Amino acid sequence: MARPAYRPDIEGLRGIAILLVVLFHAGVTAFRGGFVGVDVFFVLSGFFITAMLVRELDETGGVDVNAFYTKRAVRLLPALLVTLLVTLGAVFWLYAPIDRAGIAGDARAVSLYAGNISFAQGAVDYFSTGDHPLLHTWSLAVEEQFYLAWPLLFLSVAMFGLASRGRKALFVAIAIAGVASFAASVWLTDAAQPWAFFGLPTRIWEFALGGSLALAVDGRSDTRTTMSPVMQWAGIAMIAFAATTYDRMTPYPGFAALMPALGACVLLLGGNHQETSLVNRLLGVSWLTWLGRMSYAWYLWHWPMVGVAAVLDPGIGVWGRLAWSAAALVLAWLTHRFIEAPVRNGSTALSRVPSYWLLPGAVAASAVVAVAAHALMKVAEQRVATAPQKQFALARIDRKNHGCWATTVEDVKRLCEFGDTNASTTLVLFGDSHAEHWLGALDRYGREHGVKIVAMVKGGCPVADMPELVQPRLKRYYHECTRYREAMVRQIIAMRPHAAILSSWDHYVPAHGRGNDWQVTPEMWRRGLRRTYERLSQAGVPVVAVRGTPRTWFDVPACLSRQAARLYRARECTFDRARSLSPVAIEAQTEAASGLGVAFVDMNDEVCSTGRAGCPVMKDGIVIFTDDNHLTATFSQSVSEVFGGRVEAAVRSLAKR
């Protein structure tokens, strides 16, 4: 197999792929599916690595795995490890002390080529974790794991004497790996999306597509046909379609990843030996190929820079993220100029190191960074174990300790009872996590006033009867919520409690302008609430609807942690009450209750009593929020008398109607 000629169109395709990723991470709405740029990179890696290994197999009858690993390690690790160390330095300078240990732990995994596994184990939502500076390294871990596994496939072909059968044996082996991987991807996208998204087993099919293409074009001096230009434009269109129409609600990777992956393949095939085609000339323009050369370093730097910017200014916005991404391109050029290029050209001290020491040295360097990250993690953990940081770290996990969270209807084996469990008066608390955060208050009130509290809570499942609700993490209609809600409404009616207390997060409805794709319209919200209120009130169950609590729009424990540490640009931890509430949701809730046996309880004067602006996030030494919208259990318990009293007053008002 002859060494493939340099193809500017492929370098330009790299440039497009990195642009898509950067624009997506910056939050540019037109490219809300720009994350598919990673899929393009996977196909390109499969194409090049397979071509390289096939060439070696042809020339030597085997694969020098040690030499292959050495080249990959020397090519990738220096820039990655430098980025990791600089990022850790920035984290321990600028990030909230309570956030540092987690990031250092992830840096340890990243340096050991297992960042993707760490994120999958933590069920991290790639589309919602905006300021984690290492989240983007999941794809680098997938690439590194691919580099570890792929040559073993070729080595197996050689060892079992299949090389003499030519590319057919290789193609069959690659096809089997690809089909199995794709089947796993489709299955896990629905069953365990984080593992489908971050895992190598569910991504290997994309590398296999590129590898199959490398085998298909090898040995053919000219693959041009009259359809080649059409294929190129079709490939561009497929990638563009995915980048501009996919979003965080697209079940991914699954079947959806076929579009950008096949688009990259069609574009590669159509562009083979098409130096003068219009698409090749466009992809080969100097600025785009330059971005292609910078793509690895820019990918490394852009997300840590955006993460740091988000910490310094939580309201940074799209233009701010773009500006920081542009600054990251400067760091990318410096990295390419002084690290990548010298290493590749053999003009560094590494060129004087015996080749047999390079791989052990690279592994040792990764281990040193991992040990350093682990040590920093321990230092960070020790710091948050003392005041005042301990209070803010505990606020992050300050939720009522119980085992009553429902996943499906089948999980509900018994009633979850709190307060005075022997009392004859029963109140039902029904809703999502914004109902659950009142459980601390009701539990204390029930114990002190002889009231049994029955909790029916399911995260992300509002009381509004909306079968059309989409679950962001599952990326499909939330059937489990619909079934759970129906079963609980029936159970409440059968119980005939003293009252049913209903509470949900207001931000299923966009509060200010255009929202996310999973949010519903105010009219859908109104109709859904109306259906639930109506069923309960017409069945004779008094309904107490709790008004939504504020959303601060910033991570409260992190803000307090940065402020206490007096870090650079630590902000005042206050919020604007008017902006924190959703007038749209409040209006819809009021209209939904019109003419029904529904009374409202509003606790927002207890959350913020200072008026419209400058609301503090601590009250009487207690942290109010555990994130940017949920109340801590400690605060909830502290207002139990007020909350319980208002609930009882609401029930009495309903009895008089």
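Mentor: Start with a term. A helix here is a DSSP run of H or I with at least four residues, numbered from the N terminus. Keep in mind that this model is predicted.

Trainee: Where does P253 lie, then?

Mentor: P253 is in the loop between α10 (228–245) and α11 (258–271). The peptide bond leading into P253 from Y252 is cis, with omega near 10°.

Trainee: Which other proline follows a cis bond, and what is its omega?

Mentor: Take P388. The bond from A387 to P388 is cis, and omega is near 0°. P388 sits in the loop between α15 (355–383) and α16 (389–396).

Trainee: What makes the phi of R496 worth a remark?

Mentor: Phi of R496 is near 50°, which is positive, and R496 is not a glycine. R496 belongs to the loop between α19 (479–495) and β6.

Trainee: Why is R496 called exposed?

Mentor: Exposed means over 50% relative accessible area. R496 has 52%, so R496 is exposed.

Trainee: How do you know whether R566 is buried or exposed?

Mentor: Use the cut-off of over 50% for exposed. R566 has 77% relative accessibility, so R566 counts as exposed. R566 also has a positive phi, about 55°, without being a glycine. R566 lies in the loop between α21 (556–565) and β8 (574–575).

Trainee: Why is D64 called partly exposed?

Mentor: Under 20% is buried, over 50% is exposed, and partly exposed is in between. D64 has 41%, so D64 is partly exposed. D64 is in the loop between α2 (37–60) and α3 (65–94). From D64 to L53 is 11 residues in sequence and 9.2 Å in space, C-alpha to C-alpha.

Trainee: What makes α4 largely enclosed by the rest of the structure?

Mentor: Count its buried residues. Of the 15 residues of α4, 13 are buried, so α4 is largely enclosed. Helix α4 covers residues 97–111. Its first and last C-alpha atoms are 22 Å apart, close to the expected 21 Å. Just after α4 comes Y113, with a positive phi of about 65°.

Trainee: How do you know that the span of α26 is close to the expected value?

Mentor: The expected span is 1.5 Å times one less than the number of residues. Helix α26 (640–655) has 16 residues, with 22 Å expected and 23 Å reached.

Trainee: Which residues of α26 are buried?

Mentor: They are S640, F643, G644, V647, E648, A650, V651 and L654.

Trainee: Why do you say that they line one face of the helix?

Mentor: Look down the axis of α26. The buried residues fall within an arc of 155°, so they line one face. They pack against several elements, among them β2 (426–431), α18 (439–449), β6 (499–503) and α25 (633–638).

Trainee: At what angle do α1 and α14 pack?

Mentor: Helix α1 (8–26) and helix α14 (317–345) pack at about 140°, with axes 8 Å apart.

Trainee: What makes α1 oblique to α14?

Mentor: Roughly antiparallel needs an angle over 145 degrees, and roughly perpendicular runs from 65 to 115. The angle of about 140° falls in neither range, so α1 is oblique to α14.

Trainee: Which residues make the contact?

Mentor: V22, L23, H25 and A26 come from α1, and V318, R321, L322 and S325 from α14. By class, 5 are nonpolar, 2 polar and 1 charged. Arg counts as charged, so R321 is a charged residue in this contact.

Terms used
Residues are numbered from 1 along each chain as its sequence is written. This is a predicted model: local features need pLDDT of at least 70, side-chain atom pairs count only at pLDDT 80 or more; totals for chains, interfaces and linings use all residues. Side-chain values use heavy atoms; hydrogens and water are left out. Helices (H or I, at least four residues) and strands (E, at least two) are DSSP runs, numbered from the N terminus. Buried means under 20% relative accessible area, exposed over 50%, partly exposed in between (1.4 Å probe, protein chains only). The arc is that of the directions from the helix axis to the C-beta atoms. Contact means heavy atoms within 4.5 Å. Axes are lines fitted to C-alpha atoms, for helices over the stretch in contact, and angles run from 0 to 180 degrees between N-to-C directions. Angles under 35 degrees count as roughly parallel, over 145 as roughly antiparallel, 65 to 115 as roughly perpendicular and the rest as oblique.
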